[in-house]
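I opened this entry to keep track of what I looked up, one item after another. The coordinates and the sequence come first, and my notes follow.

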Amino acid sequence: MKTGELTDFKADGIFIYVGNVPSTGFLRGKVEMDERGYIISNDMMETSVSGVYVAGDAREKYLRQVVTAAADGATAAVAAERYIIEREDFIAETNPNKPLLMAFWSPVVEGSLEMISGLEKAVAGSGNKFRLMKIDMSCKKNIAKKYNIREVPSVYLIKDGKEPVRIKPDVAITGLEKLLNK
Ligand SMILES: Cc1cc2nc3c(=O)[nH]c(=O)nc-3n(C[C@H](O)[C@H](O)[C@H](O)COP(=O)(O)OP(=O)(O)OC[C@H]3O[C@@H](n4cnc5c(N)ncnc54)[C@H](O)[C@@H]3O)c2cc1C
């Protein structure tokens, strides 16, 4: 290419490598991509659409090789499986006609475990009129993302099929009965 010189080589086969064009046209307008058509994702292989994952050369990334494509695939598969499990758990929890307390906690955040045990006692004390969903933010990130929850520990109440309302942990622990009538 540099000198324009032509040379003949005898070969049994060739791999043609004349540049990269990702075959992502069918996804244009559906998931976020860069100007060249590579799909934008984070380190969990999540795309701009919740529940849609990408792996391999089609994603915007630094190194396109077999080893990175396979690694992406492993990450995407695990992330997608967790997404489905979390979603199924969440749907199972929110269906019945009982108010739901969602407690976002993390084993590495101070005060989290105290909050969880306080809530467990309060829920038992209320005669189990509430359901308590404990969401460990160190491994379950999808529900937190769905409700844009960043602070840990924190408590949200879902009642009568309405949007979650944030309540102070100590209010949930000491005044659970009052929340029923609010
Ligand atoms: C000439 C060349 C040499 C390379 N040498 C090396 C090397 O030595 N070492 C290395 O690690 N990497 C090498 N690579 C890079 C490596 O091949 C890629 O990084 C890797 O194959 C990417 O894997 P992938 O599964 O993401 O994509 P691909 O292997 O490209 O697989 C994507 C598949 O999806 C199919 N497809 C596309 N659109 C659709 C559609 N709409 N519906 C259904 N199927 C579809 C395609 O036909 C293809 O089979 C080389 C690449 C080239 C081109």
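The notes below go from the sheet to its central pairings, then to a helix residue and the ligand shell.

**Entry 1, the sheet.** I am working with a predicted model, and I began with the strand order. I found an open sheet of four strands in the order S2-S1-S3-S4, and its pairing is mixed. Strand S2 (131-136) and strand S4 (165-167) each have a single partner strand and stand at the edges, so one side of each is left without a neighbour in the sheet. I also looked up the twist: on average, neighbouring strands of this sheet are turned by 30 degrees against each other, with direction ignored.

**Entry 2, strand S1 and its partners.** I noted for myself that strands of a sheet pair through backbone hydrogen bonds, in either a parallel or an antiparallel way. Strand S1, residues 100-105, runs parallel to S2 and is joined to it by six bridges, whereas its pairing with strand S3 (residues 154-158) is antiparallel and covers five bridges. I then went through single positions on S1. Leucine 101 has leucine 132 of S2 opposite, and methionine 102 stands opposite methionine 133 of S2. Methionine 102 also has a bridge partner in S3, namely tyrosine 156.

**Entry 3, burial of S1.** Is S1 largely enclosed by the rest of the structure, or left open? I read the burial of its residues to decide: five of the six residues of S1 are buried, and therefore the strand is largely enclosed by the rest of the structure.

**Entry 4, the helix across the sheet.** Which helix lies across S1 and S2? I found that helix H2, residues 112-125, does so, and that it runs at about 165 degrees to S1. Taken in the order S1, H2, S2, these elements make a β-α-β unit, and I recorded its hand as right-handed.

**Entry 5, threonine 174.** I next turned to helix H4 (residues 169-174), in which threonine 174 is found. This threonine 174 has 12 other C-beta atoms within 10 Å, and because a count of 12 or fewer is classed as exposed, I entered it as exposed. I also looked up a pair involving this residue: threonine 174 and glycine 118 are 56 residues apart along the chain, and their C-alpha atoms are separated by 8.7 Å.

**Entry 6, the ligand shell.** Last, I listed the residues around the ligand, which are Phe15, Tyr17, Ser23, Phe26, Gly56, Asp57, Arg64, Gln65, Val66, Val67 and Ala69. Sorted by class, this shell holds six nonpolar, three polar and two charged residues.

Methods: Residues are numbered from 1 along each chain as its sequence is written. This is a predicted model: local features need pLDDT of at least 70, side-chain atom pairs count only at pLDDT 80 or more; totals for chains, interfaces and linings use all residues. Two strands pair if DSSP finds at least two bridges between them. Axes are lines fitted to C-alpha atoms, for helices over the stretch in contact, and angles run from 0 to 180 degrees between N-to-C directions. Two residues are in contact if their C-beta atoms, placed from the backbone, lie within 7 Å. A residue is buried if 20 or more other C-beta atoms lie within 10 Å of its own, exposed if 12 or fewer, and partly exposed in between; C-beta atoms are placed from the backbone. A crossover is right-handed if, with the strands pointing away from the viewer, the path from the first strand over the helix to the second runs clockwise. A residue is near a molecule or strand if its C-beta atom, placed from the backbone, lies within 6 Å of it. Ala, Val, Leu, Ile, Met, Phe, Trp, Tyr, Cys and Pro count as nonpolar, Asp, Glu, Lys and Arg as charged, and the others, Gly among them, as polar.
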